[in-house]
Amino acid sequence: MADVRPLLRTELLPPKSSARRHLISIADLTREDVERLLALSRTFARSLERDVKKLPTLRGRTVVNLFFESSTRTSSSFELAAKRLSADVMSIKSSGSAVEKGESLKDTLLTIGAYDPDVVVIRHAHIGAPHLAARYTPAHVVNAGDGKHQHPTQALLDLYTLDEELGGIEGLHVAIVGDVLHSRVARSNVQALVLMGARVTLVGPPALIPRGIETLGCEVSHDIRSIADADVVYVLRMQRERMLEGANYVPSLREYTARWGVTPDRLRPGQKVMHPGPMNRGVEIDAAVADSPESLVERQVRSGLVVRMAVLYDLLTQGPVEIKVAEIEEVA
Amino acid sequence: MILYGKNGTQDSLVYENVRVVDPTQGIDEALTVRVEQGVIAAVEPAAAPANGKVLAPAFVDPHVHLRTPGREDEEDLASGTRAAAAGGYCAILAMPNTDPVVDSASVLGSLAEQAEREAEIPVGFLASITKGQQGAELTEMVELAERGAAGFTDDGRPVVAPGLLRRALQYSAAAGRPVAVHCEEPTLSRGGHVHEGVVSAELGFGGYPSVAESVMVARDLALAGYEERPLHLLHLSARESVDELRRARAAGVPATAEVTPHHLCLTDDAVRSLDPNVKMNPPLRASEDRAALIEALLDGTIEAIATDHAPHAREEKEVPFEEAPFGVTGLETSFAALYTQLVGPGVVPLATLLERLSAGPARIYGLDVPTVQVGARANLVLLDLDAVWHVDEGSFRSKSANSWLLGSKLHGRVVQTVAAGKVVYTS
């Protein structure tokens, strides 16, 4: 038969006009984009060391946080990041909103759009919600987690944390352990780490490592002992709420913990430990590991603030920017 | 009688000096075709070189969701058959997964009567295999066949219990109509939104693996072989399913199959757009699967192209990909999409495409095979292969616009359709 060239749907579609900038997936970023965002984050970290922590940079801008899924870390971090930059912030959660009355996401977005927001930060249980948001709002869209797809600011804050703690990402070996299948954090982090030149090994039970994930440029192991030669062990939460009932990904949490739990005896001295939170202590991570000096968990949360400031700033100031600390005025 | 439509005028027409491509007779030459009172009266040598248009037997779509009764806001018999006419179809078969399900002679009878009042082209109706498509009790298949059921299917759902499908195959001998199956093993497809593979791993989607289809294909073919009863496999998508079918046919199993334009044109790479209009069941699969489907279409293992036209209301598709229902429209774009993607690049000959859009599906359900022969009822489509057009939302006759081709530029266009002796569409 004739050679069948794989067809790209984009070939059928007219060329797109240059899009408004959004942060929806790590896959959309270049290494230069990431380096720019990390540099900006460092700048903002220094600005936060001052007594007066508020910067006037985004004064008069409006940031809307739309959280359709529960969140503590991400929503509080985005809210504070926007406030530190003097933006006006509205935070809307699905409970207590018109969503409970059956309003569609599209209509919620159109409603919010009436306030001319500059940035819409969206978290949603379903893959594709930020793409929909980008269609129905004129604002820049930041994905704060869409189903099992992506959580790009988490990956950026993890990169920032590693960069600060270990002095660079290139050449690091990171083992990501646990429920990769249900984890947007894992997917975003694999892409981000590979982009920045790290080596990534995914470790977990066979049914919780998606088939074909190696094409992202990582390795896969089902043996917890393969975390031994990693510089960093990144522990994922067992996402029981996303697991289909009766799907039998693992026979029991007990067996999971026994085979894949990250315990002190499975780590070697000097290995750093990360976790995106919230942790299930005693399930995927031993309490002694979570509280050890090698744990960067709290550091990750702190990084979240400056990285999200950097993301908001970057989107609203269009394109690569170089700013020096001296240029950032403090609010009198 | 298994096709129902409005009784129309019987038109008299002349197609002078056109290129007639009729795979049923192996014809591809310049001719003049005369239709008198709806019947082809003369097929003569052309007096001049062909004028650039192609006249072919009109198309037959064996798999359409007309959404009636129950979701007339998405499609009804009039809009669906107008859309089909614009796509070059002279006959279509409607699936029974409506509300209520077409599972009794009374529902079927009222649909047939409605079609006689509203359908622009002849429509046949499949009835369900099981009552309410619940997968528990057989419908009264003999009575349904007598009332005009074109065949039996629980499309949209598999017949999960093998013992039940066996009984359906056995009893279909008494009904005299074929059984068509949607092959999906539900515990394997559960939670799946897109093909399980590189793209689902990267995007985080629950995977709907090829094996969820192919294990049911293998099982259903085994049952059809054992009972020696015709079995039609709906919308095949996976390479492994094609392999199973080829093996079974070689062993003498009386099985047939269909494939959709979207599975022939796209792969799961399209899902990266997260556009809900590339979400369908079965899902778009990998490029090896697409290549296997094309190969099967070429060698006749798959003898029919079916659109699986599945209209959805705008608000149902204007949601995040993961929340969106499965299904895309296809009646008005099938020829142009396939001509653009397969015939233009030289992958599939025009005559093969025309055969799989017309005679192939007609034979599966025992419908009259459209042909350009003297004495035959005129079921003709006139095509302009050089036309270039854009698919846009406003151009559809269907009530729904959930097309995977929105915004696309296509080559080849239906200029005129004649169904059962009557002109039903002129561009």
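**Stop 1: chain B as a whole.** Select chain B and colour the model by secondary structure: you should find 14 helices and 17 strands. Keep in mind as you look around that this is a predicted model.

Now zoom out until all of chain B fits on your screen. Along the principal axes, its C-alpha atoms fill a box of roughly 60 × 50 × 45 Å. How does the radius of gyration of chain B agree with that of a compact globule? A compact globule of 427 residues would come out near 22 Å, and chain B has 20 Å, which agrees.

Next, think about the inside. Of the 427 residues in chain B, 63% are buried. The chain also brings together residues that lie apart in sequence: taking contacts between residues at least 6 apart, 76% join residues at least 24 apart.

**Stop 2: the largest nonpolar core.** Select Y89(B), L108(B), I121(B), F125(B), L126(B), L233(B) and L293(B) and show their side chains. These are the residues with the most contacts inside the largest nonpolar core, which has 146 residues. Then highlight residues 334-343 of chain B: this is helix 12, which gives the most to this core, with seven residues.

Stay with one of the residues you selected, L126(B). Which residues does L126(B) touch, not counting those up to four places away in sequence? Look for L93(B), A94(B), M95(B) and P96(B), then for A149(B), A150(B), G151(B), F152(B) and T153(B), and finally for A180(B).

Another core, of 92 residues, lies apart from the largest one; to find it, select F78(A), V89(A), L208(A) and A230(A), which are among its members.

**Stop 3: where the chains meet.** Show both chains together. The contact takes 32 residues from chain A and 38 residues from chain B. On the side of chain A, the elements giving two or more residues are helix 3 (105-113), helix 4 (129-136) and helix 6 (184-195). Helix 4 of chain A has the largest share, with three residues. Try colouring this side of chain A by residue type: you will get 17 nonpolar, nine polar and six charged residues.

**Stop 4: a leucine in a loop.** Finish with L296(A), in the loop between helix 8 (287-290) and helix 9 (297-316) of chain A. Is L296(A) buried or exposed? It counts as buried because it has 22 C-beta neighbours inside 10 Å, and 20 or more are needed for that. Beyond its neighbours within four places in sequence, L296(A) is in contact with T161(A), E165(A), K272(A), V273(A) and M274(A). For a last distance, pick the C-alpha atoms of L296(A) and L109(A): they are separated by 36 Å, and the two residues are 187 apart along the chain.

Key. Residues numbered from 1 in each chain as written. Chains lettered and ligands numbered in written order. Predicted model: local features only at pLDDT ≥ 70, side-chain atom pairs only at ≥ 80, totals over all residues. Contact = placed C-beta atoms within 7 Å. Helix = DSSP H or I, 4+ residues; strand = E, 2+ residues; numbered from the N terminus. Nonpolar A, V, L, I, M, F, W, Y, C, P; charged D, E, K, R; others polar. Rg over C-alpha atoms; globule rule 2.2 N^0.38 Å. Buried ≥ 20, exposed ≤ 12 C-beta atoms within 10 Å, placed from the backbone. Core = buried A, V, L, I, M, F, W, Y, C linked by C-beta atoms within 7 Å.
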